[in-house]
Amino acid sequence: WVWALNNVGAKKILDWRSLDLAPVLLEPTVRYFKNLIQNQAPISAYNAFNAIKKINNSSEISRAGRLGDTIGFSFFEEMRAVFGSSDWRLHYVRDWYRFCSDCGYELFSSEVSAELQEKTVGGNRKGHSVLSFDPEEGPLTDLEITGLLNALNARRHSNSMSLPEKVALWLCIALGCNPIQFALLSEDGVEVIG
């Protein structure tokens, strides 16, 4: 009931106990995630799973699962309300429905799937903090970077920092706050000069 994804960096888990689905919906959903894990990045499967968990809030999904009836289009509008300002996550739900329909599972209609493909799902907000130069969430300014580099150079000449501390700080400057870059580093990727 708990699937650990092979994700670089933070551990990502799909906990099926948190997905309260009728048995007739569980099999197609498991098959969808098996396919997703085989063909996409672990973080994509993890994000899709978190979005699909929200279908527990759909009365249409619940009705269809209970009665063994086709899931009608109304579930998509219910999901739009559930996601609210994060409605860009609807693409995960749409992809799940399309996959299950394409595989011929009984509760999924090809007509509803085609109708879902016609619906526009927006994207999430990207780069807002950087583009707006947000002082808390945005990038360091040129002045801040210069000050940081000058302080590091001063520490380097005074030998008041250990080599691991220096390496860690320089890597932070070079790689930014991208944890995946750090996780992919290996010991043989670092060469000590001088």
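This is a short tour of a predicted model, stop by stop, with residues to select at each one.

**Stop 1: the hairpin**

Start at the beginning of the chain and select residues 2–5, which make up strand β1, together with residues 12–15, which make up strand β2. The two strands run antiparallel and are paired over four bridges. To see one of these pairings, pick Leu5 and look across to β2, where Lys12 is the bridge partner. Now select the stretch that joins the strands: the hairpin has six residues there. Which residue of this hairpin takes a positive phi? Click on Gly9, whose phi is near 95°.

**Stop 2: from Asp15 to Arg17**

Stay at the end of β2 and show the side chains of Asp15 and Arg17. They meet in a salt bridge, with 2.8 Å from N to O. Is Arg17 buried or exposed? Arg17 is exposed, because its relative accessible area is 60%, over the 50% that the label requires. Asp15 has 24% relative accessibility and so counts as partly exposed.

**Stop 3: an aromatic cluster**

Between those two residues sits your next selection, Trp16. The structure holds 13 aromatic pairs. One of them joins Trp16 and Phe49 edge-to-face, with 5.1 Å between the ring centres and 70° between the planes. This pair brings together distant parts of the chain: Trp16 belongs to the loop between β2 and α1 (23–39), Phe49 belongs to helix α2 (residues 42–52), and 33 residues separate them. Both Trp16 and Phe49 are buried. Next, add Trp3, Tyr32, Phe33 and Phe99 to your selection: with Trp16 and Phe49, they are linked by ring pairs into a cluster.

**Stop 4: helix α3 and its surroundings**

Move along to residues 59–67, which form helix α3, and select Glu60 within that helix. Is Glu60 buried or exposed? Glu60 counts as buried because its relative accessibility is 10%, and the label applies under 20%. Setting aside neighbours within four places in sequence, the contacts of Glu60 are Thr70, Ile71, Gly72, Ser74, Phe75 and Glu78.

Now step to Ile61, also in helix α3. Ile61 is buried, with a relative accessible area of 4%. With neighbours within four places again left out, Ile61 touches Leu25, Ile55, Ile71, Phe75 and Trp96. If your viewer has a distance tool, try it from the C-alpha of Ile61 to the C-alpha of Glu77: these residues are 16 apart in sequence and 12 Å apart in space.

**Stop 5: a second ring pair**

Keep Phe75 and Trp96 selected, since both appeared among the contacts of Ile61. Phe75 is buried, and Trp96 is buried too. Their ring centres are 6.5 Å apart and their planes lie at 75°, so the pair is edge-to-face. Here too, distant parts of the chain are linked: Phe75 comes from helix α4 (residues 74–83), Trp96 comes from helix α5, and they are 21 residues apart.

**Stop 6: more salt bridges**

How many salt bridges does a search of the whole structure find? The search finds six. For a linked group, select Glu60, Arg63 and Asp69, which are joined in a network of salt bridges. Within this group, the closest N and O atoms of Arg63 and Asp69 are 2.9 Å apart. Arg63 is partly exposed at 23% relative accessible area, and Asp69 is partly exposed at 35%.

Then go to helix α5 (residues 90–102) and pick Asp95 and Arg98, which lie three residues apart, about one turn of the helix. Their side chains form a salt bridge, with 3.3 Å from N to O. Asp95, at 23% relative accessibility, is partly exposed, and so is Arg98, at 30%.

**Stop 7: a nonpolar patch**

For the last stop, switch to a surface view and select Leu140, Ile145, Leu148, Trp170 and Ile173. Together they form a nonpolar patch on the surface, with about 390 Å² of accessible area. Which helices each supply at least two residues of this patch? They are α8 (142–158) and α9 (163–175). Finish by clicking on Ile145, which is found in helix α8. Ile145 is partly exposed, with a relative accessible area of 33%.

Note on methods
Residues numbered from 1 in each chain as written. Predicted model: local features only at pLDDT ≥ 70, side-chain atom pairs only at ≥ 80, totals over all residues. Heavy atoms only, no water. Pairing = 2+ DSSP bridges. Salt bridge = Lys/Arg side-chain N within 4 Å of Asp/Glu carboxyl O. Buried < 20%, exposed > 50% of the residue type's maximum accessible area, 1.4 Å probe, protein only. Patch = residues over 30% accessible without salt bridge, like charges linked within 9 Å, V, L, I, M, F, W, Y side chains within 5 Å. Areas by Shrake-Rupley, 256 points an atom, 1.4 Å probe, with all protein chains shown as cover. Phe/Tyr/Trp six-rings, centres within 6.5 Å; stacked < 30°, edge-to-face > 60°. Contact = heavy atoms within 4.5 Å.
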